[in-house]
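Visitor: Please take a close look at the aromatic ring pairs for me. Set them in the context of the whole chain, and add a few other places for comparison.

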Amino acid sequence: MNESSYGDFHERIRQSFARQGAMQTIGAELTRVSQSVVEIEFAFDMKLTQQHGILHAGVISAALDTACSYAAYTVIEPEASLLTIEFKVNLMSPGRGERFLFRGEITKPGSTIIVADGRGYAISDGPAKLIASMTSTMMVIRGREGISG
């Protein structure tokens, strides 16, 4: 299957992302949608922190999962959908920054199972700091009632 077989994944991903209440809640926005790579960003907000004032691990995991999943949407046919079936997150540094960037990138495309890797960065003055990584596995869903794009 070549890139043109996946249809206009840009618009499909933007529409799907707009329906995600979780991403709306954290103030996330899509900042990059390209073949096999998706980036999501949002600003620091105290409502997203844990008791020490750093970005909560659950928020980091949700953003990485979403970035990886949408990267996978770029390599499936338009009528298919995805569900995450497994992920592992490594929290490498406290989530302190003015903004955060989460990038999902396809490691291994497939017709049934897709693997993606994600990286989360804190952005302030100076270079971006790697705060987390994820390896995610998604199952391609076809023809299942209630699960679409």
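Guide: Read along the sequence, the protein chain follows the pattern α-α-β-β-α-β-β-β-β. That gives 3 helices and 6 strands, where helices (H or I, at least four residues) and strands (E, at least two) are DSSP runs numbered from the N terminus. The radius of gyration is 15 Å, close to the 15 Å that the globule rule gives for 149 residues, so the chain is as compact as a globular protein of that length. The radius is taken over C-alpha atoms, and the globule rule is 2.2 Å times the number of residues to the power 0.38.

Two notes on the source come before the details. This is a predicted model, in which local features need pLDDT of at least 70 and side-chain atom pairs count only at pLDDT 80 or more, while totals for chains, interfaces and linings use all residues. Residues are numbered from 1 along each chain as its sequence is written, and side-chain values use heavy atoms, with hydrogens and water left out.

The C-alpha atoms fill a box of roughly 45 × 25 × 25 Å along the principal axes. Of the 149 residues, 46% count as buried. Buried means under 20% relative accessible area, exposed over 50%, and partly exposed in between (1.4 Å probe, protein chains only). Among contacts between residues at least 6 apart in sequence, 65% join residues at least 24 apart; a contact means heavy atoms within 4.5 Å.

Now the rings. Rings of Phe, Tyr and Trp (its six-membered ring) pair if their centres lie within 6.5 Å; planes under 30 degrees apart count as stacked, over 60 as edge-to-face and the rest as tilted. By this rule the count comes to 4 aromatic pairs. One of them joins Phe17 and Tyr70: the ring centres are 6.0 Å apart and the planes meet at 65°, so the pair is edge-to-face. Phe17 lies in helix H1 (residues 9–18) and Tyr70 in helix H3 (residues 57–73), so this pair ties together parts that are 53 residues apart in sequence. Both partners are buried: Phe17 has 9% relative accessibility, and Tyr70 has a relative accessible area of 3%.

Tyr70 also pairs with Tyr73, with 5.4 Å from centre to centre and 35° between the planes, which makes that pair tilted. Tyr70 and Tyr73 are 3 residues apart in helix H3, so about one helical turn separates them. Tyr73 is buried too, at 7% relative accessibility. Ring pairs thus link Phe17, Tyr70 and Tyr73 into a cluster. Away from helix H3 along the chain, Ile106 is 33 residues from Tyr73, and their C-alpha atoms are separated by 9.8 Å.

Two strands offer another case of residues brought together from separate stretches. Ser133 sits in strand S6 (residues 129–141) and is buried, because its relative accessible area is 8%. Not counting residues up to four places away in sequence, Ser133 touches Leu64, Lys88, Val89, Asn90, Met92, Gly118 and Arg119. Asn90 belongs to strand S3 (residues 81–91). At 33% relative accessibility, Asn90 counts as partly exposed. With the same near neighbours left out, Asn90 touches Ile131, Ala132 and Ser133. The C-alpha atoms of Asn90 and Ile131 are 8.5 Å apart, although their positions lie 41 residues apart along the chain.

The loops give two further examples. Gln51 lies in the loop between S2 and H3 and is exposed, because its relative accessible area is 67%. From Gln51 to Thr31 it is 20 residues in sequence and 29 Å in space, C-alpha to C-alpha. Ser36 occupies the loop between strand S1 (29–34) and strand S2 (37–43). Its phi is near 75°, a positive value in a residue other than glycine. Most residues other than glycine have a negative phi.

Last, the charges. The chain has 14 positive and 16 negative side chains, and the centres of the two sets lie 4 Å apart. Lys and Arg count as positive and Asp and Glu as negative, while His and the chain ends are not counted. A charge is placed at NZ of Lys, CZ of Arg, CG of Asp or CD of Glu.
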